[in-house]
Amino acid sequence: AANAAGWDEANSIFSQSSIVTAVSATSGGGGIAVGVTDVSGNAGVVMTSADGSAWTTIQNMTDTLIMTAAFVDGSTGVIGGIAMQGFNIQPFIKRTTDGGSSFTDATIPGGWGDAVMHVVLTPGGTGVALAGSGVWRSTDDGLTWSEVTVPDSGGTLNKVVMIDDDRGFIVGGDGGDDGGDDDDTDDWKAA
């Protein structure tokens, strides 16, 4: 939470064995935070705050690493990451329309073994999700997703920013040295 003089330290959300992986602002100055409450036990958590000063757990998800969250308002949003059952690891996106009290599994493209690392939603209902080197798009506030073809960067895509429902930028590592120099620069792409 911010004040006129700068940043305030928000109340501690998790214990020392836990991490916050993403936070999304909601209308009215609140927010949704996601993360892992027990790194060794892979227990995903969704928390909410009306103003950033106190956080309340609203969902615990076992065998889940929640990596990202995006909300268009205090009610509608998505979370994404990896669901793990033994050695079976699957990416997931879940959608809520009640501020995170309950989630519905979104329909995502099959055959992907990568984690959903970042997701955004626009007020117009468009969503873009990054899963490893794949890009998915939604036009119904994150309920259904389809694969989008983008130029192959040879690496992992990790962040997307949308300008509006149809334009945005994606950034990710190039996956290796192209032989021209000694640094691995990031590739930028229009979505």
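Two strands count as paired if DSSP finds at least two bridges between them. Keep that rule in mind while reading this structure, which is a predicted model. It is needed for an open sheet of four strands, in the order E11-E12-E13-E14, with antiparallel pairing. Strand E11 (116-121) and strand E14 (146-148) stand at the edges of this sheet. Each has a single partner strand, so one side of each is left without a neighbour in the sheet. Neighbouring strands here are turned by 30 degrees against each other on average, with direction ignored.

Look at one pair inside that sheet. E11 and strand E12 (residues 127-131) pair in the antiparallel sense, over five bridges. You can pick out one position across the pair: His 118 stands opposite Leu 130 in E12. A general point helps when you look at any strand. In a regular strand the side chains alternate between the two faces of the sheet.

Now step back to the whole chain. How many helices and strands does the protein chain have? The count is zero helices and 17 strands. The chain has 191 residues, and buried residues make up 42% of them. About 9,800 Å² of the chain is exposed. Carbon and sulfur atoms supply 49% of that area. Next, take the contacts between residues at least 6 apart in sequence. Of these, 34% join residues at least 24 apart.

Next comes strand E8. Why is E8 described as largely enclosed by the rest of the structure? E8 covers residues 77-85, and seven of its nine residues are buried, so the rest of the structure largely encloses this strand. Buried here means a relative accessible area under 20%.

E8 pairs with strand E7 (residues 64-71) in the antiparallel sense, over seven bridges. A hairpin of five residues joins E7 to E8. One bridge of E8 sets Gly 77 against Phe 71. E8 also pairs with strand E9 (residues 88-96), again in the antiparallel sense, over nine bridges. Ile 82 has Pro 91 in E9 as its bridge partner. E8 and E9 form a hairpin too, with two residues between them. Gly 86 lies in that turn and has a positive phi of about 65 degrees.

Stay with E9 and find Lys 94, which lies in this strand. What does Lys 94 touch, not counting residues up to four places away in sequence? Its contacts are Met 61, Gly 77, Val 78, Ile 79, Phe 103, Thr 104, Asp 105 and Ala 106. With Asp 105, the side chain of Lys 94 meets in a salt bridge of 2.5 Å, N to O. This pair links distant parts of the chain, with Lys 94 in strand E9 and Asp 105 in strand E10 (residues 104-105), eleven residues apart. Asp 105 has 52% relative accessibility, so Asp 105 counts as exposed.

A search of the whole structure finds three salt bridges. Another of them joins Arg 137 and Asp 166, with the closest N and O atoms 3.4 Å apart. It too links distant parts of the chain, 29 residues apart. Arg 137 is in strand E13 (residues 134-138). Asp 166 is in the loop between strand E15 (157-162) and strand E16 (168-173). Are these two residues buried, partly exposed or exposed? Arg 137 is partly exposed, with a relative accessible area of 26%. Asp 166 counts as exposed, at 54% relative accessibility.

Arg 167 forms a salt bridge with Asp 164. Their closest N and O atoms are 3.0 Å apart. Arg 167 is partly exposed, at 48% relative accessible area. Asp 164 is partly exposed as well, at 30%.

End at Ala 25, in strand E3 (residues 19-25). Is Ala 25 buried or exposed? At 61% relative accessibility, Ala 25 counts as exposed. Leaving aside its neighbours within four places in sequence, Ala 25 is in contact with Gly 30, Gly 31 and Phe 71. Phe 71 is also the bridge partner of Gly 77 in E8. Val 72 offers one more point of reference for Ala 25. The two residues are 47 residues apart along the chain, and their C-alpha atoms are separated by 8.4 Å.

Terms used: Residues are numbered from 1 along each chain as its sequence is written. This is a predicted model: local features need pLDDT of at least 70, side-chain atom pairs count only at pLDDT 80 or more; totals for chains, interfaces and linings use all residues. Side-chain values use heavy atoms; hydrogens and water are left out. Buried means under 20% relative accessible area, exposed over 50%, partly exposed in between (1.4 Å probe, protein chains only). Axes are lines fitted to C-alpha atoms, for helices over the stretch in contact, and angles run from 0 to 180 degrees between N-to-C directions. A salt bridge is a side-chain nitrogen of Lys or Arg within 4 Å of a carboxyl oxygen of Asp or Glu. Contact means heavy atoms within 4.5 Å. Accessible areas come from the Shrake-Rupley method with a 1.4 Å probe; for residues, only the protein chains shown count as cover.
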